[in-house]
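Open the model in your viewer and keep the selection tool at hand. We will move from stop to stop, with something to select at each one.

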Amino acid sequence: MRHNWIMSSTTMAPRHGYLATGAPGPSPAGPPRTQPATVLTVIAAGALAAILLWWHQTPSIHGLGDWLTNAGRLTGLLAGYGVVVLVALMARLPPLERGVGADQLARWHAMGGRYTVCLVVTHALLITWGYAVTAHTGIISQANALLMSYPDVLMATVGALLFVGVGISSARAARRRLRYETWYYLHFYTYLAIALAFSHQFAVGAQFMTSLPARVFWGGLYACVAAAILWYRFVTPARQAARHRMRVISVRREAPGVVSVVIGGRHLQELRAESGQFFRWRFLARGLWWVSSPYSLSAPPEPGRLRITVKALGEHSHALARLRPGTRVLAEGPYGALTSAMRSQRRVLLIAGGVGITPMRALFQTLPARPGDLTLVYRASEPGDVVFRDELERLARARGARLFFVVGRRADLGQDPLSAATLRARIPGLDQHDVYVCGPAGMTSAVIRELRTAGVHRRHIHHESFEF
Amino acid sequence: MRRVILAIVGTAAGLVVLLSFKTHSTSAAATPPAAISGTSGTSGTSGTSGQASTPAGSSGGSSSSSSSSSASSSPSSIAGAAKTVTGTAADTIYGPVQVQITVKNGKVTAAQAVQYPQGSPRDQQINSYAIPVLNQEAVSASSASIDAVSEATYTSGGYVTSLQSALDKAAL
């Protein structure tokens with residue numbers, strides 16, 4: 001059996017190290033963060049409220065036409081509510097970002113988005129069919145009547161088609177063919193779709209037409225989420241930009257295709273950024289200004305300095321290597337739930353895959369741990385992919401932490417070097433560790449499976465994985 | 001894939017459950033007419049019917065609208081007589097709806113929309129179906145707790161409002 005774990009040669013001599021105070025415990029009361037379960041409960045409660053709205057307003061139903069129409073009304077209500085939830089998930093609400101994490105929010109949004117688009121289509125079909133049955137007309141003529149003579153239905157139908165279009169463009173098969181830029185801009189059409197479809201809810205929606213309280217409640221819901229979007233995605237970044245005035249200080253090539261960018265600004269400590277977190281960066285340079293991309297801090301935040309390290313994977317990241325010092329930067333954040341606040345055990349294992357080393361590098365430096373309690377496993381496909389080797393070894397030496405480099409493609413190695421058996425063998429007392437995992441989505445889920453098999457409790461596994 | 005199937009089946013099942021809860025006959029849902037004999041005028045025993053003529057099949061009858069309301073204020077001493085009451089017209093975005101009912105012994109024996117939107121072919125098509133249904137329901141329920149006709153949401157809303165006003169005038 002080949003051992004592919006290369007232990008960094010300089011560790012295993014426990015020395016007094018940086019931040020040797022290792023008292024984990026309940027996380028200090030920091031900025032508020034919500035638990036994922038709480039968020040899901042709130043969302044479910046809202047859906048129940050929407051259903052109750054229908055329940056309260058519907059005396060009784062009989063006959064196929066009534067059944068179809070009311071099923072259409074229910075799906076319509078849930079779709080109208082679902083849209084609000086989807087937008088709220090993406091509104092960058094700080095408690096959600098800190099407590100649930102941007103990657104999990106994005107996954108929920110994707111799943112919920114597919115479901116809501118299906119609800120919209122089902123609603124349209126059921127209403128048309130139900131009306132046709134009740135009025136004893138054909139479906140085509142009924143659809144025509146709905147589009148032409150019912151107020152706002154034509155607009156809503158255009159909105160529905162936009163939803164479907166955006167949904168199709170976000171499917172995995174389409175994403176592979178589309179440039180990120182194109183997909184990103186297409187996705188904004190959802191706002192237009194929502195605006196188009198909103199009025200028909202009140203104009204022809206049975207639950208709203210005759211009930212002012214219902215209209216007030218529903219309108220209030222939409223208004224709140226719109227306000228949140230405005231505040232957290234437009235006003236707050238603008239205020240932060242004016243306050244911190246971030247600029248690029250230097251750009252350094254770490255390895256072929258990997259650059260570190262150091263960004264400076266004023267009053268950066270007010271951001272309360274922690275190791276393991278990321279910002280969404282918008283560099284005001286040609287070709288880079290139109291999108292904000294998330295990059296983790298690759299070093300703990302220092303007064304006046306933030307460092308990110310980026311691997312050139314696409315147009316955008318390539319362009320970062322050509323950034324000029326002095327370029328203005330807009331940063332939103334900090335975001336990310338992968339911080340020391342998550343930790344509950346004395347011993348910690350950090351597993352980084354490929355570009356996932358960046359937040360781990362920062363945590364490796366500042367996570368409170370006694371000598372011998374902290375381990376970092378750095379998985380890379382090729383030796384050239386390994387970055388920060390010197391920094392990591394220096395930190396391991398200073399902190400008395402263990403450092404392993406696991407290099408090589410799985411096909412070449414013949415087996416999974418991060419299998420449950422290997423992990424258990426290499427890391428004594430694995431089930432008493434908190435494990436932080438960060439890497440590409442495939443690797444992360446595979447490692448998590450192996451960790452669970454090796455006896456690590458789900459509560460002690462903290463991970464972040466992005467698919468963009 | 002498993003999640004997709006779960007979502008589809010779960011949604012369909014949820015819809016079916018919710019809809020079945022609401023599926024029962026109208027008579028059970030409608031509020032039974034309260035004891036009317038105690039209220040104005042008509043004392044308990046139902047006498048033989050007096051005038052029972054209801055002006056049926058009117059078209060835009062302005063004549064009947066004049067015969068409104070005084071029924072409630074003056075306790076009519078004619079027991080068991082049928083009286084015709086017209087409610088105030090209720091406005092909908094397609095036009096006003098006005099309902100006239102004939103009340104006898106505390107029950108609605110006939111209902112008729114004397115005014116309803118007929119401006120466009122669409123209105124005529126819908127209401128030619130919806131109005132008779134609403135009339136029939138008003139008689140069965142003897143109250144304004146009737147179901148809207150799915151396709152004629154506006155007309156139904158106006159019908160119910162006007163019907164309620166007619167019932168109020170008839171002190172039902």
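This tour of a predicted model visits a sheet, an unusual peptide bond, two loop residues and a contact between chains.

**Stop 1: the sheet in chain A**

Show chain A as a cartoon and look for an open sheet of 6 strands. Trace its strands in the order β5-β4-β7-β2-β3-β6. The pairing is antiparallel. Which strands sit at the edges? They are β5 (293-296) and β6 (305-311) of chain A, and each pairs on one side only. Now look at how the strands are turned. On average, neighbouring strands of this sheet are at 40° to each other, direction ignored.

**Stop 2: one pair of strands**

Stay in the sheet and select strand β4 of chain A, residues 278-283. Add β7(A) to the selection. How many bridges join β4 of chain A to β7(A)? There are 5, and the two strands run antiparallel. For one of these partnerships, pick A:R282: its bridge partner in β7(A) is A:L330.

**Stop 3: a cis peptide bond**

Keep β7 of chain A in view; this strand covers residues 328-335 and contains A:P334. Select A:G333 together with A:P334. The peptide bond from A:G333 to A:P334 is cis. Its omega is near 5°.

**Stop 4: two residues with positive phi**

Go next to the loop between α2 (64-89) and α3 (94-99) of chain A, and select A:R92 there. This residue is not a glycine, yet its phi is positive, near 60°. Is A:R92 buried or exposed? A:R92 counts as buried because 20 other C-beta atoms lie within 10 Å, and the cut-off for buried is 20 or more.

Then jump to A:F388, in the loop between β9 (374-380) and α14 (389-399) of chain A. A:F388 is not a glycine either, and its phi is positive, about 65°. A:F388 has 23 C-beta neighbours inside 10 Å, so this residue is buried too.

**Stop 5: where the chains touch**

Finally, show chains A and B together. The contact takes 23 residues from chain A and 19 residues from chain B. Colour the chain B side by helix. At least two residues each come from α1 (2-21), α2 (26-29), α5 (121-141) and α6 (153-169) of chain B. Which element gives the largest share of this side? That is α1(B), with 4 residues. Last, recolour the chain B side by residue type: 7 of its residues are nonpolar, 8 are polar and 4 are charged.

Conventions:
Residues numbered from 1 in each chain as written. Chains lettered and ligands numbered in written order. Predicted model: local features only at pLDDT ≥ 70, side-chain atom pairs only at ≥ 80, totals over all residues. Buried ≥ 20, exposed ≤ 12 C-beta atoms within 10 Å, placed from the backbone. Contact = placed C-beta atoms within 7 Å. Nonpolar A, V, L, I, M, F, W, Y, C, P; charged D, E, K, R; others polar. Pairing = 2+ DSSP bridges. Axes fitted to C-alpha atoms, helices over the stretch in contact; angles between N-to-C directions.
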